[in-house]
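Subject: Structure handover

Hello,

I am passing on the structure we spoke about, with my notes underneath. Please open it first and keep it beside you while you read.

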Amino acid sequence: MVVNPVGAVPIFDGQSPRTITGYARATIAAGDFVYASGATGVVSSGADSFATADILFATGASGGLFNGIAMNAAASGAPVTVATDGVFIVSANGTLLGGELVGCDGNHAVMPLGSKTMATYTSFEQIGRAITAGASGGYAIVQLRA
């Protein structure tokens with residue numbers, strides 16, 4: 001699957017996308033599906049202990065390892081803003097139906113969860129819901145809820 005060539009494309013506002021900022025562990029392209037992958041014990045109980053550099057993002061998000069969609073390209077060690085909530089145009093891996101639950105397939109695309117058996121469903125967590133239908137290899141509008 002290919003990342004949307006124009007990057008992350010938010011469709012509706014509704015006070016979204018909701019974003020967080022961290023740093024890239026390796027090069028990230030705009031529109032990549034990412035997950036937080038950092039050291040443990042970097043945050044203590046006080047807000048004064050938090051720094052944006054405490055959150056490190058990596059590509060290759062899949063299954064339950066998904067935090068959002070990169071809103072900008074970032075070199076390794078550079079800041080990256082990640083949308084954790086919003087409505088986006090994304091690549092489809094499998095035929096999607098409007099209203100169907102979707103999961104992250106590991107290739108920067110969403111896959112249908114609504115028609116999966118429970119055994120298959122449990123290995124892929126829901127990351128949102130399709131707003132429009134989409135053909136495999138094409139695009140669909142998806143409401144993201146990381």
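I begin with a charged pair: D85 and R18 form a salt bridge, and their closest N and O atoms are 3.5 Å apart. Keep in mind throughout that this is a predicted model. The D85–R18 pair links distant parts of the chain, since D85 is in strand β5 and R18 is in strand β1 (residues 18-24), 67 residues apart.

D85 also meets R145 in a salt bridge, with 2.8 Å from N to O. R145 belongs to strand β9 and D85 to strand β5, so this pair ties together parts that are 60 residues apart in sequence. Because the salt bridges share partners, R18, D85 and R145 are joined into one network. In the whole structure, the search finds 2 salt bridges. As background, side chains of opposite charge can pair when their charged atoms come close.

Are D85 and R145 buried or exposed? D85 has a relative accessibility of 11%, which is under the 20% cut-off, so D85 counts as buried. R145, at 46%, counts as partly exposed.

Another acidic residue, D54, is in the loop between β2 and β3. D54 is buried but has no salt bridge. The nearest side chain of opposite charge is that of R25, 12 Å away. A salt bridge needs a nitrogen and a carboxyl oxygen within 4 Å, so R25 at that distance does not make one with D54. Setting aside neighbours within four places in sequence, D54 is in contact with V42, V43 and S49.

V42 and V43 turn up again at the surface, where they make a nonpolar patch of about 250 Å² together with F50. F50 is in the loop between β2 and β3. With a relative accessible area of 42%, F50 is partly exposed.

Now the interior. In soluble globular proteins, nonpolar side chains tend to be buried together. The largest nonpolar core in this model has 20 residues. Which of its members touch the most other members? They are F33, F66, I69, V110 and I127. The elements that give two or more residues to this core are β2 (33-36), β5 (79-92), β6 (101-104), β8 (126-130) and β9 (139-145). Strand β5 supplies the largest share, 4 residues. Another core, of 9 residues, lies apart from this one, and its members include I28, F57, V80 and V82.

F66 is worth finding on your screen. F66 is in the loop between β3 and β4 (68-70), and its relative accessibility of 9% means that F66 counts as buried. F66 and I127 are 61 residues apart along the chain, while their C-alpha atoms are separated by 7.6 Å.

A second pair to look up is V87 and R129. These two are 42 residues apart in sequence and 9.5 Å apart in space, from C-alpha to C-alpha. V87 lies in strand β5 and, at 11% relative accessibility, counts as buried.

One backbone detail remains. H108 has a positive phi of about 60°, although H108 is not a glycine. H108 sits in the loop between β6 and β7 (109-112). Its relative accessibility is 17%, so H108 counts as buried.

Regards

Terms used: Residues are numbered from 1 along each chain as its sequence is written. This is a predicted model: local features need pLDDT of at least 70, side-chain atom pairs count only at pLDDT 80 or more; totals for chains, interfaces and linings use all residues. Side-chain values use heavy atoms; hydrogens and water are left out. A nonpolar core is a set of buried Ala, Val, Leu, Ile, Met, Phe, Trp, Tyr and Cys residues joined through side-chain atoms within 4.5 Å. Buried means under 20% relative accessible area, exposed over 50%, partly exposed in between (1.4 Å probe, protein chains only). Patches are made of residues with over 30% relative accessible area and no salt bridge: like charges are joined within 9 Å, nonpolar side chains (Val, Leu, Ile, Met, Phe, Trp, Tyr) within 5 Å. Accessible areas come from the Shrake-Rupley method with a 1.4 Å probe; for residues, only the protein chains shown count as cover. Lys and Arg count as positive and Asp and Glu as negative; His and the chain ends are not counted. Contact means heavy atoms within 4.5 Å.
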